[in-house]
Amino acid sequence: MRIVIGVLLLLLGYLVGAVGGYTLLLTSTSNTHDGPVEAAMTGAFVAGPAVALLAVAIWLVASRPRSPR
């Protein structure tokens, strides 16, 4: 079950990161002739994977089994 949750978090994190990175870069770039391409590539290849890995890492730390004291 942990693998299924991990894969779902990867997919959801990638989607959120790609869309968020695209939107953030599109609104803040000074590039006038290929801004949408720059935003799409950054969202797809930088922000999406980074947020996906961050989401899984946070989930793994938060859901690790606790040892009894």
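About 5200 Å² of the chain is exposed, and carbon and sulfur atoms supply 75% of that area. Keep in mind that this is a predicted model. Of its 69 residues, 19% count as buried.

**The overall build**

What is the chain made of, in terms of helices and strands? Two helices and zero strands. As for its dimensions, a compact globule of 69 residues would come out with a radius of gyration near 11 Å, but this chain has 16 Å. You can also picture a box drawn along the principal axes: the C-alpha atoms fill roughly 60 × 25 × 15 Å.

Now look at who touches whom. Take the contacts between residues at least 6 apart in sequence: 64% of them join residues at least 24 apart.

**A look at R2**

Let's zoom in on one residue. R2 sits in helix 1, which covers residues 2-28. Is R2 buried or exposed? R2 counts as partly exposed because its relative accessible area is 44%, a value that falls between the 20% cut-off for buried and the 50% cut-off for exposed.

Which residues does R2 touch, once you skip its neighbours within four places in sequence? They are W59, L60 and S63. L60 is 58 residues away from R2 in sequence. Here are two distances that involve R2:

| Pair | What is compared | Distance |
|---|---|---|
| R2 and L60 | C-alpha to C-alpha | 9.2 Å |
| R2 and S63 | polar side-chain atom of R2 to backbone oxygen of S63 | 3.4 Å |

So S63 turns up twice for R2: in the list of contacts, and with its backbone oxygen 3.4 Å from a polar atom of the R2 side chain, within the 3.5 Å cut-off for a polar contact.

Conventions: Residues are numbered from 1 along each chain as its sequence is written. This is a predicted model: local features need pLDDT of at least 70, side-chain atom pairs count only at pLDDT 80 or more; totals for chains, interfaces and linings use all residues. Side-chain values use heavy atoms; hydrogens and water are left out. Helices (H or I, at least four residues) and strands (E, at least two) are DSSP runs, numbered from the N terminus. The radius of gyration is taken over C-alpha atoms; the globule rule is 2.2 Å times the number of residues to the power 0.38. Buried means under 20% relative accessible area, exposed over 50%, partly exposed in between (1.4 Å probe, protein chains only). Contact means heavy atoms within 4.5 Å. Accessible areas come from the Shrake-Rupley method with a 1.4 Å probe; for residues, only the protein chains shown count as cover. A polar contact is a pair of N or O atoms within 3.5 Å; within protein, one must be able to donate a hydrogen and the other to accept it, and residues adjacent in sequence count only if both atoms are side-chain atoms.
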